[in-house]
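Reader: Happy to have you here. Could you walk me through the labels used for this protein, and tell me what stands behind each of them?

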Amino acid sequence: MSLALDAPAQSAPPEADDGVWLECIACGGQFAPFDDVRFTCDDCGGLFEVRYAAEPTWDDFEGEGVWRYAAALPFDEGVSLPEGHTPLHEVPRLREDLGVNRLRIKHEGMNPTGSFKDRGMTVGVRVARELGVGRLACASTGNTSAALAAYGARAGMETLVLLPAGKVAAGKVAQASLHDARILEVDGNFDACLDIVQELATRGEVYLLNSLNPFRLEGQKTIGFEILEEFRDDHGRFPDRIVLPVGNAGNTAALYKGFRELVTAGAVEPEEVPALTGVQAAGAAPMVEAVEEGNDGIRRWDSVETVATAIRIGNPVNAPKALPGIRATGGTAVAVEDEAITEAQRDLAREGVGVEPASAASVAGLRKLREQGRVDADEDVVCLTTGHLLKDPEAAYEAGDDPEPVANSTEAVLEHIGAR
Ligand SMILES: *Cc1c(COP(=O)(O)O)cnc(C)c1O
Ligand SMILES: [Zn+2]
């Protein structure tokens with residue numbers, strides 16, 4: 001295991017509020033978290049991580065959902081709907097078909113607004129309240145906007161979302177709209193929307209709740225905590241590998257950070273940390289490119305396209321945090337074609353697990369890695385499915401079989417189904 005995992009996740013705190021501070025991953029600069037609004041390092045523009053004086057371990061966790069892990073979060077409770085405590089499904093037929101020792105599906109589509117984004121928002125909106133900001137905002141491929149709208153509504157705060165026009169699945173726009181976000185449709189892709197929201201945040205017009213916000217990732221790291229705890233309870237060990245869809249690479253970064261904290265606290269041995277394995281759509285795969293070419297950073301893809309609209313992203317902002325995570329855990333990254341994504345969506349549906357296309361990318365990626373012999377048959381694997389089937393009804397309808405018209409009589413129905 002590489003140095004990155006053995007290195008302490010903690011360092012000496014500055015004059016921190018309650019043992020919590022922000023630390024720049026590029027220059028190590030430290031900042032108090034709640035006196036001013038800042039998203040990137042004042043000194044070098046690097047990404048922030050949230051740091052804690054405390055090193056919580058398994059015994060410190062109690063209750064259910066994201067706030068079970070309060071000992072590893074900046075507050076004891078948040079703006080909650082509540083979120084987390086999602087199922088870890090068994091999928092025996094798919095496991096058999098893919099040929100791995102164990103396969104579990106962590107279905108994040110079962111969160112209150114139907115995606116893992118809720119885990120980030122319960123913490124992020126709580127922080128926004130602490131800071132006393134006025135307007136919350138995000139750029140979104142859809143699910144972030146749905147979650148922000150719901151959590152903003154819960155907190156009684158104003159929300160503004162920027163969406164790439166014509167590229168957001170119907171369920172997600174409907175959620176943002178009904179939860180009363182102000183929705184701006186931008187004539188550009190997600191990356192362009194994020195550029196604009198970042199600019200608005202820099203000018204002090206909005207509080208940014210994209211995954212560039214380090215507090216969102218604190219909530220999302222609890223996905224990894226839940227997987228480890230539940231898998232160990234069921235199987236007496238941790239999984240060898242976690243396969244997850246990658247858009248902005250927030251989850252990849254968040255899981256890696258959470259695992260490093262557990263290693264530092266002595267709750268997990270470095271060699272027990274699951275190999276983080278990222279999957280992107282072939283039409284939007286800058287992270288895969290960086291991993292394959294061994295680059296330290298990503299090259300921004302200006303034109304991206306995929307049926308998996310939630311990961312239709314050409315400039316993953318969390319790449320500087322996620323690439324080291326993939327490497328340090330012995331993971332990898334792989335790109336899958338849209339046809340393979342849709343096939344995996346059907347595979348999961350046949351086991352009763354309904355997911356949106358981006359989610360199915362994890363299973364499509366695992367299939368490809370098995371076929372290429374890059375994942376071994378004796379591995380215990382958890383695939384993350386990030387969003388619910390109903391998020392993208394059109395894609396589900398396309399992937400499934402068409403309804404069959406039939407005349408209005410029992411005889412006609414019997415005849416049609418071949419019962420006579
Ligand atoms: C946001 C999202 C992703 C991408 O997650 P990152 O943390 O940005 O990599 C994947 N799938 C779904 C359904 C999403 O909503
Ligand atoms: Zn810095």
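Author: Gladly, and we begin with a definition: helices (H or I, at least four residues) and strands (E, at least two) are DSSP runs, numbered from the N terminus. On that basis the protein has 15 helices and 13 strands. This is a predicted model, in which local features need pLDDT of at least 70 and side-chain atom pairs count only at pLDDT 80 or more, while totals for chains, interfaces and linings use all residues. Residues are numbered from 1 along each chain as its sequence is written, chains are lettered from A and ligands numbered from 1 in the order in which they are written, and side-chain values use heavy atoms, with hydrogens and water left out.

Reader: How do you know that the radius of gyration agrees with that of a compact globule?

Author: The radius of gyration is taken over C-alpha atoms, and the globule rule is 2.2 Å times the number of residues to the power 0.38. For 420 residues the rule gives a value near 22 Å, and the protein has 21 Å, so the two agree. Along its principal axes the C-alpha trace spans about 80 × 50 × 45 Å.

Reader: Why is Cys138 called buried or exposed?

Author: Buried means under 20% relative accessible area, exposed over 50%, and partly exposed in between (1.4 Å probe, protein chains only). Cys138 has 0% relative accessibility, so Cys138 counts as buried. Cys138 sits in strand β6 (residues 135-139). Across the protein, buried residues make up 58% of the 420 residues.

Reader: What makes Glu226 and Arg119 a salt bridge?

Author: A salt bridge is a side-chain nitrogen of Lys or Arg within 4 Å of a carboxyl oxygen of Asp or Glu. In the pair Glu226 and Arg119, the closest N and O atoms are 3.0 Å apart. Glu226 belongs to helix α8 (residues 222-235) and Arg119 to helix α3 (residues 117-131), so the pair ties together parts that are 107 residues apart in sequence. Both Glu226 and Arg119 are buried. By this rule the count comes to 35 salt bridges.

Reader: Which residues are linked with Arg350 in a network of salt bridges?

Author: The network links Asp97, Glu343, Arg346, Asp347, Arg350 and Arg367. Arg350 meets Glu343 at 3.5 Å, N to O, and Arg350 also pairs with Asp347, where the closest N and O atoms are 2.8 Å apart. The partners carry various labels: Arg350 is exposed at 53% relative accessibility, Glu343 is partly exposed at 33%, and Asp347 is buried at 9%.

Reader: Why is there a negative surface patch at Glu394, Glu398, Asp401, Asp402 and Glu404?

Author: Patches are made of residues with over 30% relative accessible area and no salt bridge; like charges are joined within 9 Å, and nonpolar side chains (Val, Leu, Ile, Met, Phe, Trp, Tyr) within 5 Å. Lys and Arg count as positive and Asp and Glu as negative, while His and the chain ends are not counted. The place of a charge is taken as NZ of Lys, CZ of Arg, CG of Asp or CD of Glu. Glu394, Glu398, Asp401, Asp402 and Glu404 form such a negative patch. One of them, Glu398, lies in helix α14 (residues 393-399) and is exposed at 63% relative accessibility.

Reader: And what makes up the nonpolar patch on the surface?

Author: That patch is formed by Val406, Val413, Leu414 and Ile417, with about 320 Å² of accessible area together. Accessible areas come from the Shrake-Rupley method with a 1.4 Å probe, and for residues only the protein chains shown count as cover. Leu414, in helix α15 (residues 410-416), has a relative accessible area of 31%, so Leu414 is partly exposed.

Reader: What is phi of Asp180 and of Ala249?

Author: Phi of Asp180 is near 75 degrees, a positive value in a residue other than glycine. Asp180 is in the loop between α5 (170-178) and β8 (182-186), and Asp180 is exposed, at 64%. For Ala249, also a residue other than glycine, phi is positive, near 65 degrees. Ala249 is found in the loop between β10 (241-245) and α9 (250-264), and Ala249 is buried at 3% relative accessibility.
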